[in-house]
Amino acid sequence: MRALVFNSGHDVRVEHLPKPIIDEDDDIVVQVSAAGLGGADLHIYRGQIPGIRERDILGREFVGTVAAAGQAVKELKEGDRVVVPSVVACGICFFCQRRQFAACERSNLDRGTLMNEKIIRSGAAFFGYGHFHGGLPGGQAEFVRVPAANVGPVKIPEGMCDDQAIFLCDVLPTAYQAVLNCEIERGDSLAIFGAGPVGQMAAACARMLGVERIYICDRHDHLLRFAAEHYDAIPINFNAVNPEQFIIEHTGFRGADCVIDAVGFEAEGSPLESAMATVKLAGGSGKALRRAIASVRRGGRISVAGSYSGMLHGFMFGSVFEKNVTIKAGRTHVQRYVRELMTYVQEGKLQPEQLVSHHFSLEDGPQAYKLYHNHLEECRKIVLVPGLMQ
Ligand SMILES: [Zn+2]
């Protein structure tokens, strides 16, 4: 089968690899009909994720058809169309019982990326995210082996297209969890940093849940325009305006009730931060988080959906304390939200497919990575389709 593999930083390739087979009784093998290209894949592309090896298959978002099912698989059978959560969870461990699927302590036997407290077990495995996170081959391939198939994959209802379903793998659950973590109340104001797919979908979810005013901050005008047109968000280009100042001035000099950081460690930080990240003294830039802390009101809530690892330079904990801020952060318990979000998509309350700006064939994947990495052609979201004729 053909698959997109990591070769080295900024170099992904299409290779012919053996087709996966059923390994455990509760596995399925999925024939991929669409795979998303997301921010997590870009982190790998840019060489920022430890534990990636040459020829690892990329891709954490994919949907497709069940090509084979193990003996212990209960509900799914050959030919079913399924959406596959990016997180692999066993369904029975301490954390899975609490529906904290991203913390599943049985799906990832690798070491994880916690820097201290190394005797704590690793969190869940992810597809296509390297050998600290379970080493599972990803979905940017013609076929994928999906473990724990009684807990993860969900049948796609009739009438739902791949461009809708692909968002249920990771992006929509991440955005939805980010908004729920804000503990939104009707009439609240929300500021979102980052207008990529997660930021956009957070705006969509927040609108659905009755947030009154949404500010969205980014440096790409076309993304800001999209959020303004589709979710009635107030766009702030931080290359032109100081977003903290703007938000504070427009909220009675208090700040927003809630703030979502949908950027993470990749924000363009200070020269000192860049230098520290280069010598591994910091896990990237804390700029998006600093902006979130500066923009939130006293007693407000910050929800961090963008990913961070290791240490962060310049974390303004004094302000967090002084302003009585609540911060919620972390990976997405995808399985918890898939069915609920599926219903919202079916009902038309969420229309994630509007965000898709490009389709590429799997074979043109390397070109798709370049385009997304360089923010070309007003790219919002890329879907890779194996065998797509262009
Ligand atoms: Zn578990």
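Student: What makes A148 count as buried?
Tutor: Count the neighbours. In this predicted model, A148 has 26 other C-beta atoms within 10 Å. The cut-off for buried is 20 or more. The count of 26 meets that cut-off, so A148 is buried.

Student: Where does A148 sit, and what is notable about its phi?
Tutor: A148 is in the loop between β8 (143–146) and β9 (154–155). Its phi is near 50°. That is a positive value, and the residue is not glycine.

Student: Why is N324 called exposed?
Tutor: Apply the other end of the scale. N324 has 10 other C-beta atoms within 10 Å. Exposed means 12 or fewer. Therefore N324 is exposed.

Student: What is the phi of N324, and which loop holds the residue?
Tutor: Phi of N324 is near 50°, again positive in a residue other than glycine. The loop runs between α10 (317–322) and β15 (326–329).

Student: How do you know which class G91 belongs to?
Tutor: G91 has 16 C-beta neighbours inside 10 Å. Buried needs 20 or more, and exposed needs 12 or fewer. The count of 16 falls in between, so G91 is partly exposed.

Student: Where is G91, and what does it touch?
Tutor: G91 lies in the loop between β6 (87–88) and α2 (94–97). Beyond its neighbours within four places in sequence, G91 is in contact with C96, A148, N150 and V151. A148 is the buried residue from above.

Student: How far is G91 from R254?
Tutor: Their C-alpha atoms are separated by 43 Å. Along the chain, G91 and R254 are 163 residues apart.

Student: What makes α4 (residues 171–180) a mostly covered helix?
Tutor: Nine of its 10 residues are buried. They are V171, L172, P173, T174, A175, Y176, Q177, A178 and V179. These buried residues pack against α5 (197–208), β13 (256–261), β14 (296–304) and α11.

Student: Why is α4 called roughly perpendicular to α11?
Tutor: The axes cross at roughly 100° and come within 9 Å. Angles of 65 to 115 degrees count as roughly perpendicular. The crossing angle is inside that range, so α4 is roughly perpendicular to α11.

Student: Which residues make that contact, and how do they divide by class?
Tutor: From α4 come L172, P173, Y176 and Q177. From α11 come V334, Y337, V338 and L341. The contact has seven nonpolar residues, one polar and no charged.

Student: What part does α11 play in the contact between the domains?
Tutor: Start with the division. The chain splits into domain 1 (2–170 + 332–385) and domain 2 (171–329). Their C-alpha centres lie 25 Å apart. The contact takes 23 residues from domain 1 and 19 from domain 2. Helix α11 (residues 334–346) gives the most to the domain 1 side, with five residues. By class, that side has 11 nonpolar, seven polar and five charged residues.

Student: How do you know which domains the largest nonpolar core draws on?
Tutor: That core has 124 residues. It draws at least three residues from each of domain 1 and domain 2. Those with the most contacts inside it are A175, L190, I192, A202 and I216. A175 is also among the buried residues of α4.

Student: What does L190 touch?
Tutor: Leaving out residues up to four places away in sequence, L190 touches C182, I184, A206, V211, I214, A256, D257, C258 and I260. As a general tendency, nonpolar side chains in soluble globular proteins are buried together.

Definitions and conventions. Residues are numbered from 1 along each chain as its sequence is written. This is a predicted model: local features need pLDDT of at least 70, side-chain atom pairs count only at pLDDT 80 or more; totals for chains, interfaces and linings use all residues. A nonpolar core is a set of buried Ala, Val, Leu, Ile, Met, Phe, Trp, Tyr and Cys residues joined through C-beta atoms within 7 Å. Domain bounds come from an automatic or database domain assignment. Two residues are in contact if their C-beta atoms, placed from the backbone, lie within 7 Å. Helices (H or I, at least four residues) and strands (E, at least two) are DSSP runs, numbered from the N terminus. Ala, Val, Leu, Ile, Met, Phe, Trp, Tyr, Cys and Pro count as nonpolar, Asp, Glu, Lys and Arg as charged, and the others, Gly among them, as polar. Axes are lines fitted to C-alpha atoms, for helices over the stretch in contact, and angles run from 0 to 180 degrees between N-to-C directions. Angles under 35 degrees count as roughly parallel, over 145 as roughly antiparallel, 65 to 115 as roughly perpendicular and the rest as oblique.
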